[in-house]
Amino acid sequence: MDALFRPDGEWQRLGDVAVVSHRVSSLVLNLLASIGLLVGAWILTSGDLVWVGAAAVAAVAWTAWRVIRIGRWIRSFGFREGERDLLITHGLWYKSLTAIPYGRMLSVEVTTGPVSRLWGLADVQLITASHRSNAQIPALRATDAARLRDHLIALGEKQALPL
Amino acid sequence: MIDPPLDGVQAPEPAPAHSADPAAVPPPAALPEPKRTERPHPLTPLIRGWVVSLALIIGLGREILGWFTESRPLPPLQLLLGGIGGIAVIAVLVGLASWLATRFVIDADELRIESGILLRKSQRIAFDKVTSIDVLQPLAARIFALAELEIDIGSSERVKLRYLTRARSYSLRDYLLSRAHSHQAELVQAEDPGLRLGDLSAEDEVLVQIPPQRLLVGAVTSNEFIGLLITIIITVTAAAVVSPYFGGPVLVLALGVSAISGIGGFVVRRLTGQFNFTLSSRPAGLRISRGLTSLTSQSLPPRRIQLVRLSQSLWWRRFGWYRAEIDVLGMGMRNEEDTHASVSSVLLPVADHAQMRLVLARIWPEADWESIQLHPAPFRARWLHPVAGPFLGLGHDGLLVVSRHGWLERRWDLVPHARIQSVRIDQGPISRKLGLADLAFHTAGSRLHPHAYGLDANHVLERQDELIMLAQAHRPDITLASATGPAVPADQPGPEALRADQAEATISATE
């Protein structure tokens, strides 16, 4: 059933840098959350080692799971610049395929946060008149992101559809 | 009734607003004369104080009812009345101060509103940014023949001018509306239309009028009403069972009273909010007027309608009645309950089949949703959608996408291709096992989310290109009857020109 979410064409994927950067962010965030959880468990059970140990095991298992999953999720991500629309697909359990005609784009945003800037990455977000379109391509190399933005804007201007 | 003189005219000479065409006589730039500014009507603080006191009395009344059921001693009456009176006086004083601080200018050059006691605010609005104008008449203001002017400039907060005389409100609305259409207009003194239950003029062609009996029957056969009734029956029964051990009969009584007031309130809200619901057609578009205690009328340019959702409660299926809701681009849409004097999303509260078709034909003249062949969801979709399963379906023609869904309330989402911003295919883990897929259509509206569930994944795969292309408009405008040809080449008329053309038709006004 993969063809349902990946119709034929030239699909672009996110690079290894994206996978690594998302794994590292996920690891850091989940470890911080785990520490919070352990401290909470320590206080609530007033230092009962059985409970704290159980919480620690759960936290580590969860962190490992998230780190593996986020990598696979990034690998599942793909986008295709079609003739008239941009296709975006992603998801492991919940798969989705979004089609945004170039003519519907109002603007294209490139954003970077302090962490993704360290990796030289940027997100590209397509804005349509619907706030539910939610068309975001995460973790592209900054130069690629800028190129994609200019390309999409040019296509959008050429094919603009009336609102 | 005659327009009372407006207070707070600063300029010494009266300078009537409708004296000259502003296009013909440009204002002398060299002499910065003191602007003629206006204040809202002097009764404003009184009305706002009254509104505050009313809210207070209702709030306190609820509290006191609560005391009765808890059998607590009441505070002395003098204290209560004194408290209410004191707060009312304070409210009037605050209202007076804010009235003194509020001034506005609406003339050929500018629309400017100054307000605020401590934080002075001067707001200047570009005429062409005005997207809709409402004249609201809440009950308290209505008594004094006053009205509130609400200006929507597309931001989250609406600009309010309250309260003005009704005639002044209407003339300002007409003036701002024509300025928003970038015409040079003159400010004409409008006649006070007087106290009316409807809002119809000679150019209106009434399409649908919903009699109150239909509203009443519609309200008591709606799913909301039945749900309310079932909840009440369960709670009261439970209370009756528990009461011998806990609380006694007072508990049942208290619950019963609040239940009856709740259910009565629901019916009364539906009735008064939609009272005398009239949908009429004007050259500029459709117009809805409704309301018993406060008359609301809103105009509805068909081009702004993003989608129509028809729905039918359990009982309405038998009567063949439909409710039609719309999602509109950029209008400060408020709650669904459409009871307050505000813009609402209800196109038809309770309509029969013929009325529904008539109105849809006015919005999208060439589209006929009932002739569209729907592909039903496969039998295995009932594992995921046990009740809705047989009803689910999706179909489309050259103009509309129709999705059928809903279990207690049957719904038809009608979305024109030209309004779809993007399309998404979804599949969760269970759907994948069953070979199903869902579709979502993203529109510019914010309230209704059209989607289609439980479709056959193979079918979706086969028609994938077609479905993805649904978001591509085949025709620039579905709201026009005149066929301009099936596909306008995207580069020839210039899409920007098209957008600019349409900008005007998307301005709406409400009175």
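## Partly exposed, and what it covers here

A residue counts as buried under 20% relative accessible area and as exposed over 50%, with partly exposed for what falls in between. By that yardstick A:Asp144 is partly exposed, because its relative accessible area is 29%. Keep in mind throughout that this is a predicted model.

## A sheet that runs across two chains

Let's start with the sheet. Seven strands make up an open sheet with antiparallel pairing, and the order reads β1(A)-β2(A)-β3(A)-β4(A)-β18(B)-β19(B)-β20(B). The edges are taken by β1 (12–13) of chain A and β20 (451–456) of chain B; each has a single partner strand, so one side of each has no neighbour in the sheet.

At the chain A edge, β1(A) pairs with β2(A), residues 78–81, in the antiparallel sense through 2 bridges. In that pairing, A:Gln12 has A:Phe79 of β2(A) as its bridge partner. Helix α5 of chain A, residues 142–159, packs on the sheet here and touches β1, β2 and β3 (85–90) of chain A. The direction of α5 makes about 40 degrees with that of β2(A).

## Salt bridges around α5

Over all chains, a search of the whole structure turns up 20 salt bridges. One of them is formed by the side chains of A:Arg147 and A:Glu81, at 4.0 Å from N to O. A:Arg147 sits in helix α5 of chain A while A:Glu81 belongs to strand β2 of chain A, so this pair ties together parts that lie 66 residues apart in sequence. So the helix that packs on the sheet, touching β2 of chain A, also has a salt bridge to that strand. A:Arg147 itself is partly exposed, at 43% relative accessible area.

Two further pairs in chain A are worth a look. A:Asp144 meets A:Arg141 in a salt bridge of 3.5 Å, N to O, and A:Arg141 is partly exposed with a relative accessible area of 49%. A:Arg149 and A:Asp150 form another, with 3.3 Å between the closest N and O atoms. Both partners are partly exposed: A:Arg149 has a relative accessible area of 30%, and A:Asp150 has 46%. Over in chain B, salt bridges with shared partners link B:Glu110, B:Arg112, B:Glu114 and B:Arg124 into one network.

## Where the chains meet

What does the contact between the chains look like in numbers? On the chain A side 30 residues are in contact, and they meet 39 residues of chain B. About 3100 Å² is buried between the two chains, with carbon and sulfur atoms giving 56% of that area.

How many salt bridges cross the interface of chain A and chain B? The rule finds 0 of them. Polar contacts tell another story: 12 residue pairs make one between chain A and chain B, counting pairs with both residues at pLDDT 80 or more. On the side of chain A that touches chain B, α1 (2–5), β3 and β4 (95–101) of chain A supply at least two residues each. The most comes from β4(A), with 7 residues. In the sheet order, β4(A) is also the strand written next to β18(B).

## Chain B overall

Chain B holds 13 helices and 21 strands. It has 511 residues, of which 48% count as buried. Taking contacts in chain B between residues at least 6 apart in sequence, 61% join residues at least 24 apart.

Notes: Residues are numbered from 1 along each chain as its sequence is written. Chains are lettered from A and ligands numbered from 1 in the order in which they are written. This is a predicted model: local features need pLDDT of at least 70, side-chain atom pairs count only at pLDDT 80 or more; totals for chains, interfaces and linings use all residues. Side-chain values use heavy atoms; hydrogens and water are left out. Two strands pair if DSSP finds at least two bridges between them. Helices (H or I, at least four residues) and strands (E, at least two) are DSSP runs, numbered from the N terminus. Contact means heavy atoms within 4.5 Å. Axes are lines fitted to C-alpha atoms, for helices over the stretch in contact, and angles run from 0 to 180 degrees between N-to-C directions. Buried means under 20% relative accessible area, exposed over 50%, partly exposed in between (1.4 Å probe, protein chains only). Buried area is the accessible area (1.4 Å probe) that two parts lose on being put together, summed over both. A polar contact is a pair of N or O atoms within 3.5 Å; within protein, one must be able to donate a hydrogen and the other to accept it, and residues adjacent in sequence count only if both atoms are side-chain atoms.
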